[in-house]
Amino acid sequence: MQALGAFYADEMSLAHTSLDDLDFFRFRYFYKQQYGQEIEHLDASTERILSNLKLLKSPHLTLAGLLLFGKEPQRIRPQFMVKAVAFIGNSLAGTEYLDSEDIGSILSEQFKNTMGFLKRNLRKQQNGQNFNFPGVMEIPQIALEEAVVNALVHRDYLINSSVRVFIFDNRVEIISPGKLPDTATIETIKFGIQIVRNPVLVSFVPKLELPYRGLGTGIPRMIEECRKAKIPEPELIEDKIT
């Protein structure tokens, strides 16, 4: 059904949700910033506006509505978060770790806090700069941003699992639930060919000040940034980027 375009997970309505689960202050601010209008001054009702934006299927929020503007998204969908761990060593079976965090809230906050986790746990390098230079992360920030935002936006939300971010001594793994959608392959996404699994999220995320363009350029940009930094290119595995 997803392949035929007959069903998208982010458009499905969520039982046991209502307008009370929406953060109206956040949504009103977004609407004013994006469209230059106050919702209260429009002829249409707030419910009609939300429905037109596919954030509401009255009387319930859609998954996109919850993930983009919900008050407490993980109360309704507890697994839709990021689980981050910074391990000691290079094995997933290791029992020692430096840092761990369950990162919830709406998608924009998940992105911001996941990047915060990566920044505080990755080493900084001087790269030939003077002693007072603050240093840059050993993996380019742009490459990490692309990987994280892609994991959040393009994951399969029909799978009740979390995005996982694992930091090891020799690598970072970002694991997005689900396989590549439809006819997408590792080779095609390297060339910027994009197949959209969550169209509502894809339409909103660029408007929420996240580094996402929706043009299929994320993976090529990650590869190019790693080349420029003279580190190994990202290894793309079905449902995982390393």
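How do the residues of the lining of the second largest pocket divide into nonpolar, polar and charged? In this predicted model, the division is nine nonpolar, three polar and five charged residues. The volume of the second largest pocket is about 360 Å³. Its lining comprises 17 residues, and those closest to the pocket centre are Tyr 29, Phe 30, Lys 207, Leu 208 and Glu 209. At least two lining residues come from each of helix H1 (24–35), helix H3 (63–69) and helix H5 (107–121). H1 accounts for the largest share of this lining, with five residues.

The largest pocket encloses about 480 Å³ of space. It is lined by 26 residues, of which Ile 139, Asn 170, Arg 171, Val 172 and Ile 231 lie closest to its centre. Classified by residue type, the lining of the largest pocket consists of 18 nonpolar, three polar and five charged residues. Four elements each contribute at least two residues to this lining: strand S3 (82–87), helix H6 (141–154), strand S8 (172–175) and helix H9 (218–228). The greatest contribution to the lining of the largest pocket is that of H6, which provides three residues.

Two of these elements, H6 and S8, were examined further. H6 has 14 residues, which at 1.5 Å a residue should span 20 Å; the C-alpha atoms at its ends are 20 Å apart, so the expected and computed spans agree. The helix is mostly covered, with twelve of its 14 residues buried. The buried residues of H6 run through Ala 143, Leu 144, Glu 145, Glu 146, Ala 147, Val 148, Val 149, Asn 150, Ala 151, Leu 152, Val 153 and His 154. Charged side chains are among them, namely Glu 145 and Glu 146.

In a regular strand, side chains alternate between the two faces of the sheet. For S8, both faces are covered. Val 172 and Ile 174 are buried on one side, and Glu 173 and Ile 175 are buried on the other. Val 172 is also one of the residues closest to the centre of the largest pocket. S8 pairs with strand S7 (residues 163–167) in the antiparallel sense, over four bridges. Within this pairing, Ile 175 of S8 stands opposite Arg 164. The connection from S7 to S8 is a hairpin of four residues.

Technical notes:
Residues numbered from 1 in each chain as written. Predicted model: local features only at pLDDT ≥ 70, side-chain atom pairs only at ≥ 80, totals over all residues. Heavy atoms only, no water. 1 Å grid on protein atoms, 1.4 Å probe; cavity = no way out; pocket = protein on both sides within 12 Å on 5 of 7 lines; lining within 4 Å. Points joined across faces, edges and corners; volume = space filled by probe spheres on them. Buried < 20%, exposed > 50% of the residue type's maximum accessible area, 1.4 Å probe, protein only. Pairing = 2+ DSSP bridges. Expected span 1.5 Å × (residues − 1).
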